[in-house]
Amino acid sequence: MNEDHIGGAHAAARLPGNIVAGLVALELAPGSRIGRAALAQDQGARLAALLGRDLAALVPDVRRLDLCLAAAHFDPAEALRPGWPLHRRLMELHARAPRGGGEPRIIAFGADAGGEVPQPLADEPALRGGSLRVLPFLLHGDPEVAGDVAEAFEIRLLDAGMAQADTALLLQDAFEARIEHARCLTLHDLAAMVALQYEHLGLAPLWPLIETALLSPQHEALLDAVPEPVLHYAGGEARMALFSPAAWRERYRPDSDDTERLRRMFGHFETRQRQLAAVLGAHGIDVVFVEADAAVDARTL
């Protein structure tokens, strides 16, 4: 990787200094699904006004910044992608919004007049159905004020960012869902929650690669620990070793002669590879499969 690429990747990991990125996280009741993909414009505006009030009650300087809300919900993995594309879409929409008289604005984007969800706010159908959904928002304004607000959010939002009762009720009614908790989070807060969730799901070995792609894309990350697949993240993509049955046996089970058991275990290994590739893909990280022999080192993929 040359220096220009490294500098560009590092810059892409961060949003501009005049932006504060956040999310409204909706924890759904067990078995519940959200009935609507996005709110109508009037409901979105009401929600944005209540959100601004809730945030300003925690950090008063929020009132000095524009608030821009996407009144549409997404899977957390869509928010945790290299370059933060959800928030960059919101930045583009904010930049095209009519300018006011110089006072901070509260802006919401939702479904169009016909009830359709415009493409910048459309979630991915394959990632629907989870119990946690997020609505991205951002604050925009003076970089010094934005920096102070961002710092305060990192300290306070996770513990004190629970939506007030009327905000939570509006979210529940407008989205037609049973919501157990509605709270505001930073991107780092959400990343910590997802990392913990992945640990419970047996996906902890994969998180360092995702975290590197999100926060330090100029660096590399490896997964090279038996019995896991071999992965090397670098340059914006993850390369996964693709073993033949014989190469897999030589690397992972050299002392076993139980042919039927080895066949089943290799099938489980391939399932694990597909699982890890699917999770990386959900986070917007391309996976390239590379044919490899038993002695392959992750660094050489």
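**A four-stranded sheet and its helices**

Helix 10, residues 259–282, lies across strand 6, strand 7, strand 8 and strand 9. Its direction runs at about 170 degrees to strand 8. The model is predicted.

The four strands form an open sheet. Their order is 6-7-8-9, and the pairing is mixed. Strand 6 (221–223) and strand 9 (286–291) are the edge strands, each pairing on one side only. On average, neighbouring strands of this sheet are turned by 20 degrees against each other, direction ignored.

Strand 8 covers residues 237–242. Strand 8 pairs with strand 9 in the parallel sense, over 6 bridges. Within this part of the sheet, Ala 238 stands opposite Val 287 of strand 9.

A further helix, helix 8, spans residues 207–215. Helix 8 lies across strand 6 and strand 7, the latter comprising residues 231–234. Relative to strand 6, helix 8 runs at about 165 degrees.

Thr 212 is located in helix 8. Its relative accessible area is 13%. This value falls under the 20% cut-off, so Thr 212 counts as buried. Leaving aside residues up to four places away in sequence, Thr 212 touches Pro 217, His 219, Glu 220, Ala 221 and Tyr 233. Of these contacts, Ala 221 falls within strand 6 (221–223), and Tyr 233 falls within strand 7 (231–234). Thr 212 thus touches a residue in each of the two strands that helix 8 lies across.

Note on methods
Residues numbered from 1 in each chain as written. Predicted model: local features only at pLDDT ≥ 70, side-chain atom pairs only at ≥ 80, totals over all residues. Heavy atoms only, no water. Pairing = 2+ DSSP bridges. Helix = DSSP H or I, 4+ residues; strand = E, 2+ residues; numbered from the N terminus. Axes fitted to C-alpha atoms, helices over the stretch in contact; angles between N-to-C directions. Contact = heavy atoms within 4.5 Å. Buried < 20%, exposed > 50% of the residue type's maximum accessible area, 1.4 Å probe, protein only.
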